[in-house]
Amino acid sequence: MKIAVLTGAGVSAESGIKTFRDSDGLWEGHDVMEVASPEGFARNPKAVLEFYNQRRRQLLAVQPNAAHKALAGLEKMHEVTIITQNVDDLHERAGSTNVIHLHGELLKARCSVNENLVLDWKQDLNLGDLSDGNHQLRPHIVWFGEMVPMIEVAAEVVEKADVIIIVGTSMQVYPAAGLVQYSKPSSTIYFIDPNPSISETKRIKVFSEKASTGVPKVVELLK
Ligand code: APR
């Protein structure tokens with residue numbers, strides 16, 4: 001069976017990474033638009049780099065949780081593609097091998113002029129760190145107002161899926177939130193979120209609970 005899994009910040013919440021919208025639009029005390037937009041970066045590059053440095057350090061100190069692990073285990077039985085809005089690498093660390101990052105990756109840096117120059121980056125990223133093209137490096141993150149290059153690949157995966165599992169996303173950010181519209185009518189959708197933004201229908205099964213308990217239950221059902 002082909003399974004597409006769409007994940008958001010909620011899947012990593014129990015690993016200790018805060019979600020975006022569970023705290024009044026502030027993310028770790030920051031205005032999301034100041035730290036996650038090209039305009040914010042242009043205004044105050046040092047503060048934006050420092051913000052992601054903190055996130056990167058935090059990421060290196062946390063571990064995948066039961067939800068990431070259960071999703072990785074699903075690969076033993078089915079053809080699974082994870083489409084994540086998260087920039088962390090917790091799906092990969094849990095063992096998932098087929099992960100599409102819609103919004104970029106925290107452990108990569110890229111040239112601020114040539115977006116194809118991408119490097120692995122685990123340390124702090126500072127002003128003066130340059131790409132091969134001699135331009136400032138920036139986090140490899142898709143910011144508000146920027147293109148989401150992987151969206152078409154993701155839409156094709158959703159189109160072909162027999163089952164779609166959605167975990168821990170408020171479904172407020174497009175184009176990611178629109179991906180379910182590509183699902184075929186015969187597919188089943190499992191939605192796991194303690195505060196679900198869509199309601200149950202014949203085709204959509206809602207699990208109003210945390211990822212660490214809800215995801216293993218759904219994985220069990222699919223065995
Ligand atoms: N398990 C599952 N879901 C949870 C948990 C948990 N333990 N804790 C919280 N949630 C749910 C919340 O109920 C909410 O629906 O996770 C969701 C988090 O929503 P957001 O904070 O809006 O995160 P997300 O949907 O991933 O945001 C999308 O917005 O700023 C951008 O680029 C950023 O990728 C991000 C995008």
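Here are some questions and answers on the ligand site and the enclosed space of this predicted model.

Q: Where does the ligand sit?
A: Let's start with the site as a whole. The shell around the ligand takes at least three residues from each of domain 1 (1-17 + 64-103 + 147-223) and domain 2 (18-61 + 104-141). As for the spot itself, the ligand sits in the largest pocket.

Q: Which residues come nearest to the ligand?
A: Counting residues with a heavy atom within 4 Å, there are 21 around the ligand. The ones that come nearest are Phe-20, Arg-21, Thr-169, Ser-170 and Asp-193.

Q: How far is the side chain of Asp-193 from an oxygen atom of the ligand?
A: A few polar contacts are worth going through here. Ala-9 uses a backbone N or O atom, 2.8 Å from a ligand oxygen, while Arg-21 puts a polar side-chain atom 2.7 Å from a ligand oxygen. For Asp-193, the distance from a side-chain N or O atom to an oxygen of the ligand is 2.6 Å.

Q: How much of the ligand's accessible area does the protein cover?
A: Taken on its own, the ligand has 730 Å² of accessible area. Of that, the protein covers 92%.

Q: How many charged residues are in the shell around the ligand?
A: Sort the shell by class and you get seven nonpolar and nine polar residues. Arg-21 and Asp-193 count as charged. The charged count for the shell is five.

Q: What volume does the largest cavity have?
A: Setting the cut-off at 30 Å³ or more gives one cavity. The space in the largest cavity is about 40 Å³.

Q: How many charged residues are in the lining of the largest cavity?
A: The lining includes Leu-6, Ile-83, Leu-102 and Met-171, along with Gln-85 and Thr-169. By class, this lining has six nonpolar and two polar residues. As for charged ones, there are none.

Conventions
Residues numbered from 1 in each chain as written. Predicted model: local features only at pLDDT ≥ 70, side-chain atom pairs only at ≥ 80, totals over all residues. Heavy atoms only, no water. Polar contact = N/O pair within 3.5 Å; in protein donor to acceptor, adjacent residues only side chain to side chain. Areas by Shrake-Rupley, 256 points an atom, 1.4 Å probe, with all protein chains shown as cover. 1 Å grid on protein atoms, 1.4 Å probe; cavity = no way out; pocket = protein on both sides within 12 Å on 5 of 7 lines; lining within 4 Å. Sits in = over half its atoms within 2 Å of the grid points. Domains from an automatic or database assignment. Points joined across faces, edges and corners; volume = space filled by probe spheres on them.
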